[in-house]
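Work through the exercises below with the model open beside you. Try each task before reading its solution.

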Amino acid sequence: MLIFGFRVTSALLTTLTYVCDRCGQPAAHHVVKRSRKFTLFFIPLFPVSTKYVDTCTYCGRTLEVPKGQAEAALAPRAA
C-alpha cells in the first residue's frame, strides 16, 4: 500500500511597511513563499507548485504576487 499526498510549506521572505490598498493604513506586509510538495510515505519529494503571497498584518488582505516582484523585495535598497 502506497501512502502519498501533498504538503504545503510556508517561508517568510521579508516584511515590508507601506500603505495597504484595501484598508488605507500604513502597516507591515509579510511576503511569504508557499511551496506545495508531493509526498510519499510522509516524505516531501519534489515541489509541485510555488506561490508568493503578500499579506497585510492590519486587515488580513492576501494578494498573490509574481515571483520577480517578491524577489525584488528581498534586494537591499540603495539610499
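Two strands pair if DSSP finds at least two bridges between them. The model used here is predicted.

**Exercise 1. Strand pairing**

Find how many bridges join β2 and β3, and in which sense the two strands pair.

Solution.
- Locate the strands: β2 covers residues 26-40 and β3 covers residues 43-56.
- Count the bridges: there are twelve, and the sense is antiparallel.
- Check one position: Lys 33 has Tyr 52 of β3 as its bridge partner.
- Look at the hairpin: two residues lie between β2 and β3, and Phe 41 there takes a positive phi near 55°.

**Exercise 2. The next strand**

Which strand does β3 join through four bridges?

Solution.
- The strand is β4, residues 62-65, and it runs antiparallel to β3.
- Val 53 has Glu 64 of β4 as its bridge partner.
- The hairpin of β3 and β4 has five residues between the strands.
- In this hairpin, Gly 60 takes a positive phi near 85°.

**Exercise 3. Thr 50**

Decide whether Thr 50 is buried, partly exposed or exposed.

Solution.
- Place the residue: Thr 50 is in strand β3.
- Recall the cut-offs: buried is under 20% relative accessible area, exposed is over 50%, and partly exposed is in between.
- Apply them: Thr 50 has 38%, so it is partly exposed.
- Add a distance: Thr 50 and Lys 33 are 17 residues apart in sequence, yet 7.0 Å apart in space, C-alpha to C-alpha.

**Exercise 4. Aromatic rings**

Which residues form the aromatic cluster?

Solution.
- The cluster is made of Phe 4, Phe 6, Phe 38 and Phe 46.
- With a limit of 6.5 Å between ring centres, the count of aromatic pairs is three.
- One of them is Phe 38 with Phe 46, at 5.4 Å centre to centre and 25° between the planes.
- Planes under 30 degrees apart count as stacked, and this pair is stacked.
- Phe 46 has 44% relative accessibility, so it counts as partly exposed.
- A charged residue joins the picture: Arg 36 lies over the face of Phe 6, at 4.1 Å from the ring centre.

**Exercise 5. A nonpolar patch**

Which residues make the nonpolar surface patch of about 770 Å²?

Solution.
- Met 1, Leu 2, Ile 3, Phe 4, Phe 41 and Phe 42 make the patch.
- Take Leu 2 as a test case: it sits in the segment before β1, which covers residues 4-19.
- Leu 2 reaches 61% relative accessibility, so it counts as exposed.
- Note two links: Phe 4 also belongs to the aromatic cluster, and Phe 41 is the residue with positive phi in the hairpin of β2 and β3.

How values were computed: Residues are numbered from 1 along each chain as its sequence is written. This is a predicted model: local features need pLDDT of at least 70, side-chain atom pairs count only at pLDDT 80 or more; totals for chains, interfaces and linings use all residues. Side-chain values use heavy atoms; hydrogens and water are left out. Patches are made of residues with over 30% relative accessible area and no salt bridge: like charges are joined within 9 Å, nonpolar side chains (Val, Leu, Ile, Met, Phe, Trp, Tyr) within 5 Å. Accessible areas come from the Shrake-Rupley method with a 1.4 Å probe; for residues, only the protein chains shown count as cover. A salt bridge is a side-chain nitrogen of Lys or Arg within 4 Å of a carboxyl oxygen of Asp or Glu. Buried means under 20% relative accessible area, exposed over 50%, partly exposed in between (1.4 Å probe, protein chains only). Rings of Phe, Tyr and Trp (its six-membered ring) pair if their centres lie within 6.5 Å; planes under 30 degrees apart count as stacked, over 60 as edge-to-face and the rest as tilted. A charge sits over a ring if NZ of Lys or CZ of Arg is within 6 Å of the ring centre and within 35 degrees of the ring normal.
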